[in-house]
Amino acid sequence: MLKTLAICYALMTLLFGIAFFSSIAMATEVYPCKPDIDPTPPGFGIQELDPSYPVEYRLQGGQIFRIPYGYGFRARAEDVNCHPETSRFRFSFWMPDLRSPQKDPLGLAESRPREDNQAVPGQNQYIVLVRFVERATDADYADSKLPSRWFRNWIDLFEQRYVLRPAHDGLLQIIETGRSSLFDPPVVSTQYINFEDDKEEIFVDCEVGGSCRLNIYYSDLQLILRAEIPGDAFPQWRAVKDGARTLLERWMVK
């Protein structure tokens, strides 16, 4: 009896060891680029590809980032390492804990999906969809990429007849003035700016009853991004801006 138990224990130990080392191999496996593989049936999805697997992005003329697969573009395993050098990349994250979504948000109809083993999202929990990250410098001012340039375009459109009204934790709302008729009221825009930090610029554009887009220039990182959040999360713009910076700095290869 004891001999039988000893044999069983040895077999269990061996099987556990094989499973353990197999899981390590899966977690550290390198997925070579195989773009010519027939996409039907599809390759690995997010369930098979380790969400923590680091995918490298090299911005043209700029920085290198290693972004966990769960945050970035959900490519097949055969394609995930095919385009390391790029002009832009995208990623998504949950607020306020900055974790990665379980599914690609581009395929979801809402910004507060119920995820497996997670509670129903509250009002302050939502996915931030960063549409793109690009390399940018002050020299890009003339190319209308930076928030300060967009602001100048707006005030040129209003022919200098405008005021800036404080709104939402330091943002300034652009309002046109100079209308002379009660039937021709001032235009209250849904655009907001903030230039209080010399390392950052932000221009926010909201749809009435819809989502808001945050255009953020991190001058010290030489990066510009556009992030989309639900409209009711607009007052938390500063936390979103800081959260995106935290992740970019975490992933940047020093």
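## Close-up views of a predicted model

**View 1. The second largest pocket and the residues around it.** In this predicted model, the second largest pocket has a lining made up of Pro105, Leu108, Ala109, Glu110, Ser111, Ile127, Leu129, Arg131, Ser211, Glu228, Ile229 and Pro230. Two elements, strand E5 (126–135) and strand E11 (223–229), each give two or more residues to this lining. E5 provides the largest share, with 3 residues. Sorted by character, the lining holds 7 nonpolar, 2 polar and 3 charged residues. The volume of this second largest pocket is about 170 Å³.

**View 2. The largest pocket.** How much space lies in the largest pocket? The answer is about 290 Å³. If you want to find its centre, look for Tyr57, Phe73, Ala75, Val80 and His83, which lie nearest to it among the 14 lining residues. Strand E1 and strand E4 (88–95) each supply at least two residues of this lining. By character, the lining of the largest pocket divides into 8 nonpolar, 2 polar and 4 charged residues. A helpful idea for both pocket views: rolling a probe the size of a water molecule over the atoms shows where empty space is left.

**View 3. An open sheet of 3 strands.** Here the strands lie in the order E2-E1-E3, and their pairing is mixed. Which strands sit at the edges? They are strand E2 (64–68) and strand E3 (85–86), each of which pairs on one side only. You can see the mixed pairing by following strand E1 (residues 54–59): E1 and E3 run parallel and are joined by 2 bridges, whereas E1 and E2 run antiparallel and are joined by 5 bridges. As you look along a strand, remember that in a regular strand the side chains alternate between the two faces of the sheet.

**View 4. Arg58 and its partners on both neighbouring strands.** Start at Arg58 and look across to each neighbour in turn. In E2, the residue opposite Arg58 is Ile64. In E3, the residue opposite Arg58 is Glu85.

**View 5. The hairpin of E1 and E2.** These two strands form a hairpin, with 4 residues between them. What is the phi of Gly61, which lies in the turn? Gly61 has a positive phi of about 75°.

**View 6. Ala239 in helix H3.** Ala239 is found in helix H3, which covers residues 237–251. Is Ala239 buried, exposed or partly exposed? Its relative accessible area is 39%, so Ala239 is partly exposed, a class that lies between under 20% for buried and over 50% for exposed. Now look for Met95: it stands 144 residues away from Ala239 along the chain, yet the C-alpha atoms of the two are separated by 8.5 Å.

**View 7. Stepping back to the whole chain.** Having seen the details, you can place them in the full model. The chain has 3 helices and 11 strands, and from the N terminus on its elements run α-β-β-β-β-β-α-β-β-β-β-β-β-α. Of its 254 residues, 40% count as buried. The accessible surface comes to about 14,500 Å², and 57% of that belongs to carbon and sulfur atoms. Contacts that reach along the chain are worth a look too: among those between residues at least 6 apart in sequence, 53% join residues at least 24 apart.

How values were computed
Residues numbered from 1 in each chain as written. Predicted model: local features only at pLDDT ≥ 70, side-chain atom pairs only at ≥ 80, totals over all residues. Heavy atoms only, no water. Pairing = 2+ DSSP bridges. Buried < 20%, exposed > 50% of the residue type's maximum accessible area, 1.4 Å probe, protein only. Contact = heavy atoms within 4.5 Å. Areas by Shrake-Rupley, 256 points an atom, 1.4 Å probe, with all protein chains shown as cover. 1 Å grid on protein atoms, 1.4 Å probe; cavity = no way out; pocket = protein on both sides within 12 Å on 5 of 7 lines; lining within 4 Å. Points joined across faces, edges and corners; volume = space filled by probe spheres on them. Nonpolar A, V, L, I, M, F, W, Y, C, P; charged D, E, K, R; others polar.
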